[in-house]
Amino acid sequence: MLNKTKRLIAMLLSLVVIMSVFPKMPVKAAPTYTQEVTMVMYEKNQIANLYIDDLAAAETISSADVTSSKSSVASIYSITREEQESETEVVENDEVTDDSNTYSYTISIKLKKKGTTVISYKIGTETYSTTVKVVKYTNPIKTLKITGVKSGKNIASKTKTNNYVNFKGVKKSGSKLSITPKSGWTVEKITFSCSDTGETKTWKNYVKKSGVKTAKVISSASLGTLKKDYTYLIDITLVNSKGVRETVNYCISSHLKIQGVY
């Protein structure tokens with residue numbers, strides 16, 4: 001019995017030595033990707049993108065290994081590989097440096113009609129997939145008024161079929177924007193910019209105080225004095241109860257027009 005005990009102790013000591021000489025190898029983390037996503041189709045054959053990040057240099061995605069379960073809903077358009085350089089970021093007040101370069105892929109898909117499809121792609125021996133739900137654009141705004149634009153009347157119907165609209169400059173100097181979303185929708189963010197002055201203002205549906213976010217309902221925004229010869233861009237992002245986001249875009253200019261914004 002004593003000899004067996006000595007042999008067992010010797011084996012355990014040998015195992016400890018082996019493990020100290022050959023430490024456990026780190027396990028490569030899985031790629032970063034979205035498993036489910038809802039995409040708003042503003043027009044037929046619109047191009048949208050899926051992103052797969054944090055790949056090692058040896059990890060590749062072949063175009064032959066990328067498929068759409070329902071190409072009638074969304075088909076594969078292109079695949080692009082890019083290198084992401086190392087970076088330093090602040091995490092909990094400490095600088096963390098990622099010395100290794102990683103790679104990413106952009107899978108571009110062509111949205112064709114309302115429905116759901118599964119985009120699958122193979123990396124090494126593993127197969128990953130993203131469920132893509134395609135929904136058609138619907139106007140999320142009930143009323144929208146901008147002082148100096150269309151005499152301050154309700155212009156919500158201007159984005160009935162398209163998510164962008166152009167106005168031929170400000171007819172009268174104004175400063176206020178007021179908005180009421182349709183039922184089930186909430187204004188998430190309003191971004192206002194002037195290309196002539198470089199000024200940008202942003203309103204979000206929450207305020208941050210002492211590190212805590214507090215919900216805030218956005219119904220109006222003070223744009224400042226709008227001038228007749230200046231160009232203004234207003235982007236309003238709304239989200240509904242199902243988590244679908246839509247952005248409507250307004251260009252107020254006597255010489256500039258926007259054509260299609262996704």
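**Notebook: loop, cores, pockets, salt bridges**

I started with Lys150, which sits in the loop between S10 and S11. The model is a predicted one, and I read every entry below with that in mind.

**Entry: the S10–S11 loop**

I looked up the backbone angle of Lys150 and found phi near 50 degrees, a positive value in a residue other than glycine. Is Lys150 buried, exposed or partly exposed? Its relative accessibility is 46%, so I logged Lys150 as partly exposed.

I then checked Ser151, which is also located in the loop between S10 and S11. Phi of Ser151 is near 60 degrees, and this too is a positive value in a residue other than glycine. Ser151 has 69% relative accessibility and therefore counts as exposed, since the cut-off for exposed is over 50%.

**Entry: overall make-up**

I counted the secondary structure next and got 1 helix and 19 strands. The protein has 262 residues, and 33% of them are buried. I also looked at how far along the sequence the contacts reach. Of the contacts between residues at least 6 apart in sequence, 64% join residues at least 24 apart.

**Entry: the nonpolar cores**

Which residues have the most contacts inside the largest nonpolar core? I noted Ile146, Leu177, Ile190, Leu223, Ile234, Ile236 and Tyr250, in a core of 33 residues. Strands that each supply at least two residues of this core include S10 (141-146), S11 (164-167) and S12 (176-181). S13 (185-194), S18 (232-240) and S19 (245-252) likewise supply at least two each. S13 gives the largest share of this core, with 5 residues.

I picked Leu223 from that list and wrote down its contacts, leaving out residues up to four places away in sequence. Leu223 touches Ile146, Ser175, Leu177, Phe192, Lys201, Trp203 and Ile234. Of these partners, Ile146, Leu177 and Ile234 are also named among the residues with the most contacts inside the core.

I found a second core, separate from the one above, with 21 residues. Ile52, Ile119, Ile123 and Tyr128 are among them.

**Entry: the salt bridges**

How many salt bridges does a search of the whole structure find? I recorded 2.

In one of them, Arg245 pairs with Glu188, and the closest N and O atoms are 2.8 Å apart. The pair links distant parts of the chain, with Arg245 in strand S19 and Glu188 in strand S13, 57 residues apart. Arg245 has 46% relative accessibility, so I put it down as partly exposed.

Another salt bridge joins Glu199 and Lys201, where the closest N and O atoms are 3.7 Å apart. Glu199 has a relative accessible area of 34%, so it counts as partly exposed. Lys201 is partly exposed as well, because its relative accessible area is 25%. I had already met Lys201 in the contact list of Leu223.

**Entry: the largest pocket**

Arg245 came up again here. I looked for the residues nearest the centre of the largest pocket and found Thr38, Met39, Val40, Tyr42 and Arg245, out of 15 that line it. The pocket holds about 320 Å³ of space.

Strand S1 (36-41), strand S2 (46-55) and S19 each supply at least two residues of the lining. S1 gives the most, with 4 residues. Sorted by class, the lining has 9 nonpolar, 4 polar and 2 charged residues.

**Entry: the second largest pocket**

I noted a volume of about 220 Å³ for the second largest pocket. Its lining includes Thr38, Lys114, Lys133, Val135, Lys136 and Thr138. Trp185, Asn240, Lys242, Val244 and Glu246 also belong to this lining. Thr38 is thus listed for both pockets.

Which strand gives the largest share of this lining? I found S9 (residues 126-136), with 3 residues. By class, I split the lining into 3 nonpolar, 3 polar and 5 charged residues.

**Entry: Ser75**

My final look was at Ser75, in strand S4 (residues 74-84). Its relative accessible area is 13%, so Ser75 is buried, as the cut-off for buried is under 20%. Not counting residues up to four places away in sequence, Ser75 touches Ser108, Ile109, Lys110 and Lys112.

Conventions
Residues numbered from 1 in each chain as written. Predicted model: local features only at pLDDT ≥ 70, side-chain atom pairs only at ≥ 80, totals over all residues. Heavy atoms only, no water. Core = buried A, V, L, I, M, F, W, Y, C linked by side-chain atoms within 4.5 Å. Buried < 20%, exposed > 50% of the residue type's maximum accessible area, 1.4 Å probe, protein only. Contact = heavy atoms within 4.5 Å. 1 Å grid on protein atoms, 1.4 Å probe; cavity = no way out; pocket = protein on both sides within 12 Å on 5 of 7 lines; lining within 4 Å. Points joined across faces, edges and corners; volume = space filled by probe spheres on them. Nonpolar A, V, L, I, M, F, W, Y, C, P; charged D, E, K, R; others polar. Salt bridge = Lys/Arg side-chain N within 4 Å of Asp/Glu carboxyl O.
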